[in-house]
Structure formats: structure tokens, C-alpha cells
Amino acid sequence: MADTRIFIGTDCGGTTTKVGAVKADGTPVSLKLSQRPTDASGGRKAVLDAWVRAVEDYLTEYGYAWENVGGAGLAIPGPFSAPGVLGVAANLPKEFAGWDIGSDYAARLSAAAGKPVKLTVGNDGNYGGVAEARLVRGTGTGTVLMLAPGSGLGVAYVDDRGLPLDGASLVGMEAGHMPAPLQLLGMPVFSCGCGRTWGCIEAYTTISGLPQLLAVMLERHPDHALASSTASVKDKVLSLRGLAQKGDALATEIFDFQARALGIHAASLCQAVDPAYIVIGGGLMDPESTTEAFRSRYMDTVRANAEPYFWPAQRERIRWSQAQLGDLSQAIGAALVALYNAAVS
Ligand SMILES: [Zn+2]
């Protein structure tokens with residue numbers, strides 16, 4: 001008899017929640033993005049109501065029922081105060097801190113399904129890596145390091161079972177907040193939203209640190225139009241991607257710098273996890289917002305700055321690729337972890 005189970009993934013963001021699902025063989029039910037407001041301002045019950053409704057609508061849309069649900073995964077931004085219990089997250093209301101969101105959501109799903117639904121809770125960036133890992137390694141078991149620079153730096157390591165390194169507090173692979181090698185980068189210590197003052201690599205590789213990076217670069221290029229522009233810092237920073245793709249020298253230098261910093265950090269992480277694959281994701285790799293030429297230059301620069309620090313065997317073996325799932329990766333990854341956990345339990 002065909003296995004008609006599906007596994008649901010819920011990706012909780014500060015403003016929107018995305019739902020995805022995979023079948024028992026791991027293939028996504030759909031690659032269409034299903035998202036709606038998280039409704040965090042309405043409080044805990046409103047959030048859970050919205051999620052259960054979103055799952056119900058998803059099941060209906062794709063011709064499934066609750067009886068098909070074999071398990072569920074929830075991707076949420078860290079930090080956590082205990083597994084499944086929210087800490088103080090930057091993009092969720094403060095009063096959510098201490099909420100055992102995993103237990104409450106599992107209870108609501110089980111009530112709606114009329115049977116126990118096992119829920120796996122994890123860090124959203126790690127779950128994104130799980131979904132991308134399944135694509136790059138296919139039916140193999142190669143381990144995967146993913147780096148996804150966007151507003152912050154998402155990093156994940158996925159092991160030979162397809163599962164992420166979550167750590168004891170679910171903050172495993174929060175590698176964006178490791179220190180950057182400033183002597184190689186030739187940059188001052190940038191501040192980071194996490195509060196650490198050791199120069200987190202996230203500040204040198206993502207949008208979060210661009211205001212500081214642009215300020216340094218404009219001191220070096222005082223004649224650039226942005227130096228005398230009256231636009232807000234935010235607008236200046238957000239104009240850089242477009243400028244780089246039109247060949248602007250300063251913007252190009254900034255993204256080359258970010259790619260160099262990311263490459264060195266990738267090599268640093270390879271000393272620890274020695275992956276078979278490295279996947280680069282995030283907004284800069286999004287085909288909707290960057291050109292092929294831009295993405296190629298970025299990838300080539302990351303790689304060229306990582307490889308000198310590899311061991312010889314790693315230079316031969318490690319395979320590089322660009323992430324493919326974009327915004328859907330975390331919901332699909334959450335669903336996959338639920339599937340993998342069901343398979344071993
Ligand atoms: Zn930090």
C-alpha cells in the first residue's frame with residue numbers, strides 16, 4: 001500500500017509564517033510558498049490559531065486530511081531558553097520569552113488531528129540547511145555546511161543522517177557570531193546586534209553590518225556620490241546591490257569584501273566540520289534579486305578566499321553550490337526533520 005503520510009513544516013518568522021510539507025519519500029508536496037501573518041501582536045493563542053488554520057488550509061489545498069499528517073516540525077528563530085521554549089528573540093514580542101511553544105503547538109495540532117502529532121522544534125537557520133542538504137546530496141550521505149548571508153548570517157551543518165547540529169541549547173552553528181579574523185580583513189571591530197564586542201563575522205558579511213562597512217569604505221572613497229548623498233543610511237545601504245550590478249566600483253568592492261570575509265569564515269568552519277558540500281544561500285544568491293554575473297562573481301570570490309586555508313584533500317573533495325529553495329527552505333527543512341525523526345522512532 002502506498003505511504004500517504006505527509007509531514008508538515010511551520011516556519012515562524014517575526015512577521016510572516018510559512019507552511020510547507022514533504023511526502024514520506026522526502027519530496028516537497030509543493031514548491032509554492034504558502035505564507036500568512038504570524039499575528040504575534042495578538043498574543044500566544046492568536047499565533048497558534050493562525051498556525052493551525054494555515055495547516056488546515058494547506059491540507060485542503062493539496063488534497064490531504066489530518067489523518068495523513070505523520071508528524072510536524074517547527075522552525076523558529078533562536079535563542080531558546082530550553083528545547084522548544086522561547087528565549088528573548090529580536091523579532092518576536094518580549095512577552096513570548098519563556099513560552100513553551102513546542103508543547104503548546106503540539107497539543108493544538110494533536111487536538112485538531114484527533115490523534116497525537118509529534119512535533120520537532122528547532123532553529124530556523126539549521127532547518128533551512130536540512131532542506132538544501134537534501135537537494136545537494138541526493139540519495140548520498142555527504143555532510144553539508146550551509147552559509148546564508150541575508151539580513152543576518154544563517155549557518156547550518158547537516159550530518160550524514162540529514163539532521164542539523166542543534167547543540168544542547170539549540171544554538172549550535174550560530175556561527176555568524178564567531179569573531180572575524182580582523183588582521184586578515186583589515187577592518188576595525190564592528191558592533192553586532194547580538195551584543196558581542198569581538199567583531200562578529202555576521203557584521204562583515206551581511207546587511208546587518210553594511211552601514212558600518214559603508215562608512216569605512218566611504219572614508220577610503222570620499223569622492224563617491226554616496227559620500228555626499230543626503231539619502232538615509234538605510235537607503236544608501238539598500239542601493240548597493242543595484243549599484244554593484246551596474247558596475248559601480250565602490251559597491252563592487254564592498255560585495256567583494258563581504259565575499260572574501262565569508263570565504264575565510266567558511267574555511268575556518270571547515271577546520272571544525274570538514275563537510276563534503278558547501279552551499280551558499282541568502283539574498284545575494286536569490287535569482288529574483290541578483291544577476292547571474294553577480295552571483296558567479298560572489299561565489300568565485302568566496303571560494304577563492306576559502307580554498308587557500310583548506311587542507312589539500314578538502315581542496316579536491318569539497319563541492320560548492322548555490323542554495324535553491326530560497327524562502328521555502330526553512331519550512332521544508334522543518335518538515336524533513338519531522339520525517340527523519342519519525343523514521344528512526
Ligand atoms: Zn554577533
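**Notes on the fold of this predicted model**

1. Starting with the overall count: the chain's secondary structure adds up to 12 helices and 11 strands. Keep in mind as you read that this is a predicted model.

2. On overall dimensions, a compact globule with 345 residues would be expected to have a radius of gyration near 20 Å, and the chain comes out at 21 Å, so the two agree. Along the principal axes, the C-alpha atoms fill a box of roughly 65 × 50 × 35 Å. Of the 345 residues, 43% are buried. If you take contacts between residues at least 6 apart in sequence, 66% of them join residues at least 24 apart.

3. Now the 5-stranded sheet. Its strand order is 3-2-1-4-7, the sheet is open, and the pairing is mixed. Strand 3 and strand 7 are the edge strands, each pairing on one side only. On average, neighbouring strands here are turned by 20° against each other, direction ignored.

4. How buried is strand 4? All of it: 8 of the 8 residues in strand 4 (residues 69-76) are buried, so the rest of the structure largely encloses this strand. Strand 4 runs parallel to strand 1 (residues 6-12), and 6 bridges join the two. T10 has L74 in strand 4 as its bridge partner. Strand 4 also pairs in the parallel sense with strand 7 (residues 119-123), over 5 bridges. In that pairing, I76 stands opposite N123 of strand 7.

5. Strand 2 (residues 16-23) has 6 of its 8 residues buried, so this strand too is largely enclosed by the rest of the structure. Strand 2 runs antiparallel to strand 1, with 7 bridges joining them, and 3 residues lie between the two strands in a hairpin. If you want a pair to look for, F7 stands opposite V22 in strand 2. Strand 2 is also joined to strand 3 (residues 34-37), again antiparallel, by 4 bridges. There, K18 has Q35 in strand 3 as its bridge partner.

6. Which strands does helix 1 lie across? Helix 1 (residues 44-61) lies across strand 1, strand 2 and strand 3, and runs at about 40° to strand 2. Helix 3 (residues 124-137) packs on the sheet too, touching strand 1, strand 4 and strand 7, and its direction makes about 105° with that of strand 7.

7. Next, the 4-stranded sheet. This one is open as well, with the order 9-8-10-11 and mixed pairing. Strand 9 (153-158) and strand 11 (319-322) are at the edges with a single partner strand each, so one side of each has no neighbour in the sheet. Neighbouring strands of this sheet are turned by 15° against each other on average, direction ignored.

8. Within that sheet, strand 10 (residues 277-280) pairs with strand 11 in the parallel sense over 4 bridges. I278 stands opposite W320 of strand 11. Helix 10 (residues 292-306) packs on the sheet, touching strand 10 and strand 11, with its direction at about 150° to that of strand 11.

9. Helix 9 (residues 249-273) deserves a point of its own. At 1.5 Å a residue, its 25 residues should span 36 Å, and the end C-alpha atoms are indeed 36 Å apart, so expectation and model agree. Just after helix 9 comes D274, with a positive phi near 40°. Helix 9 lies across strand 8 (144-149), strand 9 and strand 10, and runs at about 155° to strand 8.

10. What angle do helix 8 and helix 9 make where they pack? About 105°, with the axes of helix 8 and helix 9 8 Å apart, which means that helix 8 is roughly perpendicular to helix 9. The contact is made by L240, L243 and A244 of helix 8 with A251, T252, I254 and F255 of helix 9.

11. Helix 8 (residues 233-245) has another helix to look at, helix 6 (residues 210-220): their axes come within 10 Å and cross at roughly 85°. Helix 6 and helix 8 are therefore roughly perpendicular to each other. On the helix 6 side the residues that meet helix 8 are L210, P211 and L214, and on the helix 8 side they are V233, K236, V237 and L240.

Note on methods
Residues are numbered from 1 along each chain as its sequence is written. This is a predicted model: local features need pLDDT of at least 70, side-chain atom pairs count only at pLDDT 80 or more; totals for chains, interfaces and linings use all residues. The radius of gyration is taken over C-alpha atoms; the globule rule is 2.2 Å times the number of residues to the power 0.38. A residue is buried if 20 or more other C-beta atoms lie within 10 Å of its own, exposed if 12 or fewer, and partly exposed in between; C-beta atoms are placed from the backbone. Two residues are in contact if their C-beta atoms, placed from the backbone, lie within 7 Å. The expected span of a helix is 1.5 Å times one less than its number of residues. Two strands pair if DSSP finds at least two bridges between them. Axes are lines fitted to C-alpha atoms, for helices over the stretch in contact, and angles run from 0 to 180 degrees between N-to-C directions. Angles under 35 degrees count as roughly parallel, over 145 as roughly antiparallel, 65 to 115 as roughly perpendicular and the rest as oblique.
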